[in-house]
Number of protein chains: 2
Amino acid sequence: MRAPPDPAALAAALRRGDRRALARAITLVESTRAEDRAAAEKLLALLPSSGDSLRLGISGSPGVGKSTFIEAFGLTAIRDGRRVAVLAVDPTSQRSGGSILGDKTRMPELAKSDRAFVRPSPAGRTLGGVARRTRETILLAEAARFDLVIVETVGVGQSETAVADMTDLFLVLIAPGSGDELQGIKRGITELADLLIVNKADGDLEPAAKRAVADYRHALRLLRPRAKSEGEMVVAVSALKGRGIAELWRQVVELGAAGRRRRPAQARAALWQEIGEGLLEALKGDAHIAPHLAAVEARVTDGSLTPTAAAREVLEEFLARRR
Amino acid sequence: MRAPPDPAALAAALRRGDRRALARAITLVESTRAEDRAAAEKLLALLPSSGDSLRLGISGSPGVGKSTFIEAFGLTAIRDGRRVAVLAVDPTSQRSGGSILGDKTRMPELAKSDRAFVRPSPAGRTLGGVARRTRETILLAEAARFDLVIVETVGVGQSETAVADMTDLFLVLIAPGSGDELQGIKRGITELADLLIVNKADGDLEPAAKRAVADYRHALRLLRPRAKSEGEMVVAVSALKGRGIAELWRQVVELGAAGRRRRPAQARAALWQEIGEGLLEALKGDAHIAPHLAAVEARVTDGSLTPTAAAREVLEEFLARRR
């Protein structure tokens with residue numbers, strides 16, 4: 001077994017913007033070994049908190065052109081002086097060390113730039129763990145002087161909510177369909193989106209993309225009338241042709257400055273979520289409680305015991321052994 | 001201080017369908033006194049689990065005609081042989097024993113019927129407590145042989161999610177606006193709705209109501225394309241004129257039979273939510289932890305401590321004193 005890297009040396013290398021150090025630090029943060037975990041917390045405690053980065057969440061189903069979009073968008077940001085890190089959250093990936101998301105071969109131009117860092121998604125056991133690691137990875141990237149951090153996710157499970165809860169701005173990519181068959185978006189996701197981006201507004205699909213923008217604007221005005229200018233939040237781009245990307249980048253920078261104000265509330269929510277998860281984990285792992293949980297759940301689901309009575313029983317058993 | 005009622009006698013009266021007993025039982029369940037709480041749990045343990053009721057959540061902003069709708073709808077159900085209980089969840093109400101929701105004077109015809117029970121909403125301190133009490137109140141009403149339980153809520157805070165999580169079917173009422181100014185619905189609420197009901201489809205508003213149905217159908221097809229027939233879930237009624245109510249009742253009965261299958265999962269989720277809330281409450285009330293929580297939160301929100309490191313510290317402190 002290798003020893004964990006020295007946190008102080010790693011922190012110093014990160015501050016120089018060293019990309020290899022960043023890769024090593026991310027591996028450390030992703031490790032579940034106890035000694036790695038301890039070193040990771042030491043490392044994180046040594047890092048400066050960087051307030052002037054832009055944290056961007058990007059979601060979209062397979063086939064909407066996410067890689068092409070992130071590459072075009074990231075290169076635009078680099079031309080504007082940014083250093084760009086692309087991270088990926090893929091709770092469905094079971095393979096260690098890589099998955100379809102964040103694969104460097106998907107973004108060859110971006111991966112080649114010395115002002116970019118592309119990190120494939122790690123294997124995820126639980127979404128809670130994935131969220132925690134991704135939050136920490138954002139901090140590492142910012143410490144390594146990446147001032148645009150893109151967190152990419154597929155439209156699966158609760159990962160969008162997790163990513164929206166850790167970024168300043170959440171973009172949802174959609175593709176125009178043909179004719180009446182507009183490619184729909186996942187239930188719940190418009191609620192999270194700060195910007196809805198219709199990609200592939202080029203060639204044969206251009207008219208469909210324009211129609212999609214009008215349709216989504218109308219739908220959003222109807223279903224989300226509270227915000228003043230919901231219509232403005234739907235834009236069309238062609239990542240392939242580079243159309244609309246520079247305008248979008250300017251819009252993202254502007255909105256991101258406001259979105260950054262979410263960070264204190266996000267951090268507080270993350271704290272209580274981690275505490276809550278930790279408490280439930282301790283309870284589920286309690287030697288006196290674990291053997292009975294299945295039976296309690298069965299009685300609750302068949303209606304013979306109310307959730308309240310069952311919760312009281314379990315809680316009393318767990319809390320009684322505190323001193 | 002009055003003594004709590006005898007659970008066995010109260011349970012027997014409930015089973016006879018006694019409405020006064022139901023009112024007393026609900027008061028017991030709503031009480032926060034420890035001895036009432038103990039009696040309430042005894043009572044709930046004595047009740048039969050009733051599987052053939054229909055639990056209906058109804059939400060809508062003030063002004064959409066909720067009272068008129070529930071009265072017309074409830075009377076239709078009564079004519080179809082049902083016994084109807086109307087409960088209310090209003091987490092904003094701070095007054096004890098009553099609020100604008102569920103007020104009997106709002107539904108005079110329904111309140112008069114001996115096959116109906118209308119209960120005003122209790123004062124709510126926390127939504128968690130409100131949800132628990134409402135879940136238990138549903139069980140009481142079912143034990144008292146009410147086989148249509150309507151849980152009414154205003155479009156405020158998280159109450160819709162709570163109500164949707166404890167009912168078989170969730171209806172959202174909307175009113176047509178004038179011209180282009182369609183009355184919008186709250187962000188997030190279409191995600192919860194099983195049926196969207198455009199009320200006030202009468203008189204001058206009839207054309208606007210028809211337009212609203214078409215617009216919402218289109219918007220839902222676009223934004224929630226996964227479900228096969230989302231368009232079907234938008235209907236127009238006039239509660240005032242009684243138009244469309246009988247058809248809606250038939251649709252609700254049909255959908256409700258499928259919606260009942262959610263109950264085991266709802267009960268399991270309620271169990272874990274109550275356990276989670278109880279654990280957090282114990283932690284926040286811990287004499288060793290409470291004095292430090294504000295400082296920990298401040299360090300997390302200003303970025304000088306990661307949520308993970310802070311959560312670990314707090315959890316270790318709390319769990320270390322278990323034996």
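This briefing walks through how two protein chains meet and where some of their charged side chains pair up. The model is predicted. Chain A and chain B are related by a two-fold axis, and 66 residues of chain B are in contact with 66 residues of chain A. A search of the whole structure finds 34 salt bridges over all chains, and two of them cross the interface of chain B and chain A.

**How the two copies are arranged**

- Laying chain B on chain A takes a turn of 180° and a shift of 0.0 Å along the axis, and the fit has an RMSD of 0.0 Å. That is the relation of a two-fold axis.
- If you want to find the axis from chain B, look for B:Arg322: its C-alpha is the one in chain B nearest the axis, 2.0 Å from it.
- The copies meet through the same surface, because 100% of the interface residues of chain B are also interface residues in chain A.

**What the interface is made of**

- About 5800 Å² is buried between chain B and chain A, and carbon and sulfur atoms give 65% of that area.
- Eight residue pairs are in polar contact across the interface, counting pairs with both residues at pLDDT 80 or more.
- Several helices of chain B each supply at least two residues to the side that touches chain A, among them α3 (34–46), α6 (127–143), α9 (206–223) and α13 (307–319).
- Which helix gives the most to this side of chain B? The answer is α11(B), with 15 residues.
- By class, the side of chain B that touches chain A has 33 nonpolar, 11 polar and 22 charged residues.

**Salt bridges across the interface**

- B:Arg312 pairs with A:Glu41 in a salt bridge, with the closest N and O atoms 2.5 Å apart.
- Both of these residues also belong to a salt-bridge network that links A:Arg37, A:Glu41, A:Arg132, A:Glu136, B:Arg312 and B:Glu316.

**Salt bridges within chain B**

- B:Glu206 and B:Arg243 meet through their side chains at 3.7 Å, N to O. B:Glu206 lies in helix α9 and B:Arg243 in the loop between β7 (234–236) and α10 (245–259), so the pair ties together parts of chain B that are 37 residues apart in sequence.
- B:Glu206 counts as partly exposed at 28% relative accessibility, and B:Arg243 is partly exposed too, with a relative accessible area of 39%.
- B:Arg321 and B:Glu317 form another salt bridge, at 3.2 Å from N to O. Here B:Arg321 is buried, with a relative accessible area of 13%, whereas B:Glu317 is partly exposed at 33%.
- B:Glu35 forms a salt bridge with B:Arg33, the closest N and O atoms being 2.9 Å apart. B:Glu35 is partly exposed, with a relative accessible area of 43%.

**A look at A:Asp114**

- You will find A:Asp114 in the loop between α5 (108–112) and β3 (116–118) of chain A.
- Is A:Asp114 buried or exposed? A:Asp114 is exposed, because its relative accessible area is 55% and the cut-off for exposed is over 50%.
- Leaving aside residues up to four places away in sequence, A:Asp114 touches A:Arg19 and A:Arg83.
- A:Ile275 is 161 residues from A:Asp114 along the chain, and 38 Å separates their C-alpha atoms.

Methods. Residues are numbered from 1 along each chain as its sequence is written. Chains are lettered from A and ligands numbered from 1 in the order in which they are written. This is a predicted model: local features need pLDDT of at least 70, side-chain atom pairs count only at pLDDT 80 or more; totals for chains, interfaces and linings use all residues. Side-chain values use heavy atoms; hydrogens and water are left out. Contact means heavy atoms within 4.5 Å. Buried area is the accessible area (1.4 Å probe) that two parts lose on being put together, summed over both. A salt bridge is a side-chain nitrogen of Lys or Arg within 4 Å of a carboxyl oxygen of Asp or Glu. A polar contact is a pair of N or O atoms within 3.5 Å; within protein, one must be able to donate a hydrogen and the other to accept it, and residues adjacent in sequence count only if both atoms are side-chain atoms. Helices (H or I, at least four residues) and strands (E, at least two) are DSSP runs, numbered from the N terminus. Ala, Val, Leu, Ile, Met, Phe, Trp, Tyr, Cys and Pro count as nonpolar, Asp, Glu, Lys and Arg as charged, and the others, Gly among them, as polar. Copies are superposed by least squares on the C-alpha atoms of residues with pLDDT of at least 70 in both. Buried means under 20% relative accessible area, exposed over 50%, partly exposed in between (1.4 Å probe, protein chains only).
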